[in-house]
Amino acid sequence: MIQRLRMPLLAICLTAGVWGHQPSPVDVSVESILARRGDSYLRLTNMTRESQTLTFSPGPAGTATFRPTRGIVLSPGSRMDVSLGELQMSDGVQVLHVVSQVAGPEGGVTAGPQLHEVLVVDATGVAKTTYERAFLSQRMAIPGESVPLRVDIGGGYLDAQPMGRLAFASGRESAETPVERVDEVSPFELSNMRLRQLPEDGVGEGLFPVRMGVDATRLATGVQEERASVFGSIKGKFMLKLPGSVYQAAWGWKVRVWQGLGGTWYQIGSANVTGDGTWSADYLIPPIPGFQVRVEYQPANRFLQVQDANGDIYTWGDDWDVTGLVTDIGYRSADLTKTGNAPGIDKIYQGGMALWRKFNKFGMNALRDEPVQITYPNTLSTGKCKSTDAGGNTIAWSCSQSGDGKIWLISVHAVAGVVQHELAHSIHSYYWDGNMPAGGGIKHNITKCYNPGLALTEGFADFMPYWVQFDRTAVNPVETTLGLPIDTLGNAYCKGASNEAQVAATFWDVYDTVNDGASPAIDSWNFTKKYAPVSTFLKNPGHNSMLEYTSVYTTILGANWATPVTQLFLLNTMFLP
Ligand SMILES: [Zn+2]
């Protein structure tokens with residue numbers, strides 16, 4: 001009897017401390033030794049007991065370029081300085097982004113350690129600085145209390161966030177600027193589902209087509225237009241200035257209009273940026289003549305919000321004169337280039353929204369009770385998601401907190417694959433009421449075995465970027481961030497249900513239409529519905545191993561599917577511990 005009582009208590013204790021983490025790379029530490037003129041170096045320390053072969057190359061977030069170094073062999077426990085040659089960079093703020101690949105023991109590669117460093121470069125030297133100092137210090141403090149409207153931003157959720165206390169100025173753009181459109185409905189419409197909604201068995205993808213018939217005025221603003229149009233409106237076009245001189249509509253960003261009176265800001269309107277970048281906000285409260293209004297833009301909506309380490313949602317904003325019944329403020333932009341206002345936010349936002357759109361497309365709701373707070377960049381100062389590096393030093397890492405789904409991302413992780421991995425944890429923990437599989441929340445390398453519970457949690461999250469980014473007909477897909485050859489793992493990955501990559505590969509095999517293996521270890525089938533690998537996992541909680549889904553799947557599919565299901569799990573080594 002005492003034993004029975006203890007079990008639930010233990011489960012509660014585990015729940016509180018469970019996190020879902022981004023996989024850690026192999027235990028090789030990387031430090032940079034930089035010079036303005038002459039060679040710069042990477043100092044590598046191999047903390048593992050095996051010889052490691054690595055290749056380093058410039059990463060996509062960087063502006064300082066160097067020649068890739070291939071086939072660096074590090075013997076166990078050794079240290080080596082590897083020359084990058086002379087860094088190619090101009091004066092000013094620059095970013096050094098180094099990515100690496102590690103060769104597997106029998107061919108194949110896995111993602112290796114990375115460096116993401118913000119530099120201040122001048123004629124005589126190069127100094128390392130922080131993301132906060134180089135970028136976030138461009139924000140201006142906007143003093144004063146604020147009184148937000150309570151606006152339904154989707155599914156009946158009332159948004160009452162205060163005004164952004166720290167704001168970048170937006171940039172002025174020409175009306176002739178070509179803008180990439182985002183062909184998608186508004187976040188308000190994407191939210192039009194009940195919480196935890198999953199497809200009913202036998203109901204197909206057609207039940208929730210991408211575009212639903214919602215009143216056009218609600219599409220643009222999320223509030224009833226006729227209520228307010230008598231007071232006039234303000235409109236404009238807002239876009240993201242991206243690396244490579246590309247301008248993209250800031251689809252789904254939140255727009256809010258404020259007026260400051262007597263030291264207090266009153267919200268007087270709200271809107272969403274549409275797929276072509278336009279937005280229009282009706283005044284719900286008439287602006288007082290002679291006072292400017294403030295228009296702010298935020299990468300925030302019903303699904304997620306991107307915020308700094310203090311919880312301040314990233315904000316761009318400017319003050320405007322009211323010019324008649326309709327004020328058109330023209331074309332504005334947020335500078336998200338590599339050395340602009342806040343590089344990386346575009347990747348986080350777009351990666352997260354791609355996941356939401358995919359869920360919605362298949363009749364599944366990705367929303368939690370509140371928007372998921374994504375803190376970026378995570379640093380040691382938040383005290384969240386701490387890990388240890390190869391040398392035993394405490395470092396900040398990326399993770400999702402299972403209790404409330406909040407996410408922290410370090411600067412090197414501003415990529416779609418990591419965001420989608422962490423959001424998968426947040427969605428999983430929401431559907432499972434925070435009761436995550438036992439054994440998670442510890443540092444893990446994707447190639448290694450830990451325990452079946454950790455592997456189940458992490459394997460599902462590893463599968464998610466593949467499900468979002470690839471069609472099920474893809475042959476040997478490899479997601480950029482994870483670098484996981486999900487359909488052809490090979491011997492670089494530990495075998496069994498205690499390895500997250502093998503679990504991810506099992507999810508992939510019940511999704512993909514590519515058959516592989518040879519009887520009896522063979523993938524000879526896939527779920528008819530593309531959502532089924534995700535929905536069957538979310539609606540069948542309480543499991544601590546992927547192996548337990550042999551019976552879940554057999555129950556769904558019928559007893560005559562027991563053999564094909566077992567064979568697929570056998571192919572993915574799930575019957576090993
Ligand atoms: Zn994880």
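In this predicted model, helix α5, which spans residues 345-361, packs against helix α6, made up of residues 416-431, at an angle of about 50°, and the axes of the two helices lie 8 Å apart. Because an angle of this kind falls outside the ranges counted as roughly parallel, roughly perpendicular or roughly antiparallel, α5 and α6 are described as oblique to each other. Their crossing is right-handed. On the side of α5, the contact is formed by Lys347, Ile348, Gln350, Gly351, Gly352, Ala354 and Leu355, while α6 contributes Ala416, Val419, Gln420 and Leu423. When the residues of this contact between α5 and α6 are sorted by class, 6 are nonpolar, 4 are polar and 1 is charged.

A second helix pair is formed by α10, covering residues 549-557, and α11, covering residues 562-571, which pack at an angle of about 150° with their axes 9 Å apart. Since angles over 145 degrees count as roughly antiparallel, α10 is roughly antiparallel to α11. The crossing of α10 and α11 is right-handed. Here Thr550, Tyr553, Thr554 and Leu557 of α10 meet Ala562, Val565, Thr566 and Phe569 of α11, and the contact of α10 with α11 comprises 5 nonpolar and 3 polar residues, with no charged residues.

With regard to domains, the chain is divided into domain 1, which takes in residues 28-130, and domain 2, which is assigned the two segments 138-295 and 312-335. The C-alpha centres of domain 1 and domain 2 are separated by 41 Å.

Notes. Residues numbered from 1 in each chain as written. Predicted model: local features only at pLDDT ≥ 70, side-chain atom pairs only at ≥ 80, totals over all residues. Domains from an automatic or database assignment. Axes fitted to C-alpha atoms, helices over the stretch in contact; angles between N-to-C directions. Helix = DSSP H or I, 4+ residues; strand = E, 2+ residues; numbered from the N terminus. Parallel < 35°, antiparallel > 145°, perpendicular 65-115°, else oblique. Left-handed = near helix turned anticlockwise from the far one by under 90°. Contact = placed C-beta atoms within 7 Å. Nonpolar A, V, L, I, M, F, W, Y, C, P; charged D, E, K, R; others polar.
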